[in-house]
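User: Hello! I am new to protein structures and would like a close look at a single part of this one.

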Amino acid sequence: MTRILILASIFTALLSAQPKTRLEDLHGKTILLFTPHPDDDAFGCAGTLALLAKNGNNIRIVIYTNDDKGSYDPEMTSERLARIRMHEEEDACRILGIPKDHIKWLEYHDGMLEYANTRDLVEEVTGIIRKIRPEVVLSIDPGTEYVRWHKTDHRMAANNTIDAIRAAEWHLYFPNQQLHEGLEPWLVPQEYYYYVTEKEANYWVNIDSVVEKKVDALMAHVSQWEPSIHHYRPDWDPATLEKTKAEYRSHITKKDGHYVEALRTSTGFNQE
Ligand SMILES: [Zn+2]
């Protein structure tokens, strides 16, 4: 194929995956989000979640790991860190308008998702999709080069979620779920992936009206930032908070002068 034909086919594929209704215009729908750690959802799409919550959508969050390793504090333990991270995610979700009983923790250990029993993992997530029956799944893309090489849980979560989306629609995958739990197959109509590379993004959500909610939700993850990541403290001193907010705000993606979240939307098994 010539380069022009290749470009044309990529362009057609990107267009064909576009939804009929824009994500941020959905009302009263069920949205299921998967995140490897409690904070990736905030970095990747907190603004989008705030808009969806404002529109009265039923948002369900599934977190693969308990994030119990990422602290440099020598006094920290994994058990304590997991509890801290759980409360921080609940605070972040409250800011975005998502109740804490809409958060489901799969509780794999941080950094260990790739070593889980992969068959069990895909079956578990297939069951969740069949139970929740979402109109939209939001999930992590394998992401940038740094993430693809460095972030084991991110790779695994990305691949596992799409494997489960595939399995959920075919009744012959995990028929025990139908037999024992009455779970029917479910075809996910539209998918959106965050942490997408710049060249693969094909959908941008304008988050101007909720950008401060995104920043506040991120700041709720206190233990992920300096100084708390080195010497845990549960709160911010006001000056550090304002400085960190300003720094983060300056890094939020902008498009045509607006704050945006870049996503990749797709249908089916990412074949179009
Ligand atoms: Zn992460």
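Which residue follows helix 2, and what is the sign of its phi?

Analyst: Happy to help! This is a predicted model: local features need pLDDT of at least 70, side-chain atom pairs count only at pLDDT 80 or more, and totals for chains, interfaces and linings use all residues. Residues are numbered from 1 along each chain as its sequence is written.

Gly56 follows helix 2, and its phi is positive, near 75 degrees. Helices here are DSSP runs of H or I with at least four residues, strands are DSSP runs of E with at least two, and both are numbered from the N terminus. The chain has 9 helices and 8 strands.

Now for the helix itself. Helix 2 covers residues 40-54. From the first C-alpha to the last, its 15 residues reach 20 Å, close to the expected 21 Å; the expected span is 1.5 Å times one less than the number of residues. Helix 2 also bends by about 75 degrees at Ala46. That bend is the angle between axes fitted to the seven residues ending at a residue and the seven starting there.

Next, its surroundings. A residue is called buried if 20 or more other C-beta atoms lie within 10 Å of its own, exposed if 12 or fewer, and partly exposed in between, with C-beta atoms placed from the backbone. In helix 2, 14 of the 15 residues are buried, so this helix is largely enclosed by the rest of the structure. Over the chain, buried residues make up 42% of the 272 residues. For contrast, look at Ala246, which sits in helix 9 (residues 238-251). Ala246 is exposed, because 10 other C-beta atoms lie within 10 Å.

Helix 2 also takes part in a nonpolar core, meaning a set of buried Ala, Val, Leu, Ile, Met, Phe, Trp, Tyr and Cys residues joined through C-beta atoms within 7 Å. The largest such core has 65 residues, and Leu49, Leu96 and Leu263 have the most contacts inside it. Helix 2 gives the most to this core, with 9 residues. Two residues are in contact if their C-beta atoms, placed from the backbone, lie within 7 Å. Setting aside neighbours within four places in sequence, Leu49 touches Asp41, Ile59, Leu96 and Ile98 by this rule. In the chain, of the contacts between residues at least 6 apart in sequence, 80% join residues at least 24 apart.
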